Amino acid sequence: MGILVVVALLGVLLTALSAGIMQLQVEEAVRGAAREIARGESPETASAVAKRIAGDATVITIEVDRSTAKVSARQPIPGPLAVAGGIVAQATASVRLEAAS
């Protein structure tokens, strides 16, 4: 019985560690994509930067209007406990766009 508890606890701890790492990657990805948009790069280029940082499994959404750009990302956490719980890493970043002169 004690071994089962230790194995379950280890599974929970590894899932939490994985979720934390993935969350940091997704946050860095949206920041990187928002920076690219602010520099005047295309949404496709910004999306490629975000996927390079967070991985190809990341779903990137970029919305650009006249004065702002919003970058959102979602990525499922790997592992059986995370999948069963539906845990995903998600982040959003916004950047104000300067008017072209």
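The chain exposes about 6600 Å², and carbon and sulfur atoms supply 62% of that area. Keep in mind as you look around that this is a predicted model. Buried residues account for 30% of the 101 residues in the chain.

Now for the overall build. The chain contains three helices and three strands, and walking along the sequence you meet them in the pattern α-α-β-β-α-β. The C-alpha atoms fill a box of roughly 70 × 20 × 15 Å along the principal axes. The radius of gyration tells a matching story: the chain has 17 Å, while a compact globule of 101 residues would have a value near 13 Å. Of the contacts in the chain with a separation of 6 or more, 50% join residues 24 or more positions apart.

Next, the interior. In soluble globular proteins, nonpolar side chains tend to be buried together. Here the largest nonpolar core has 21 residues, and V30, V71 and I77 touch the most other members. Each element in this table supplies at least two residues of that core:

| Element | Residues |
|---|---|
| α1 | 2-38 |
| α2 | 43-54 |
| β2 | 68-76 |
| β3 | 88-96 |

The largest share, eight residues, comes from α1.

V30 is a good place to zoom in. Which residues is V30 in contact with, leaving aside its neighbours within four places in sequence? They are V71, S72, A73, A91, T92 and A93.

Finally, a word on charge: the chain carries 9 positive and 9 negative side chains, and the centres of these two sets lie 3 Å apart.

Key:
Residues numbered from 1 in each chain as written. Predicted model: local features only at pLDDT ≥ 70, side-chain atom pairs only at ≥ 80, totals over all residues. Heavy atoms only, no water. Helix = DSSP H or I, 4+ residues; strand = E, 2+ residues; numbered from the N terminus. Rg over C-alpha atoms; globule rule 2.2 N^0.38 Å. Buried < 20%, exposed > 50% of the residue type's maximum accessible area, 1.4 Å probe, protein only. Contact = heavy atoms within 4.5 Å. Areas by Shrake-Rupley, 256 points an atom, 1.4 Å probe, with all protein chains shown as cover. Lys, Arg positive; Asp, Glu negative; His and termini not counted. Charge placed at Lys NZ, Arg CZ, Asp CG, Glu CD. Core = buried A, V, L, I, M, F, W, Y, C linked by side-chain atoms within 4.5 Å.
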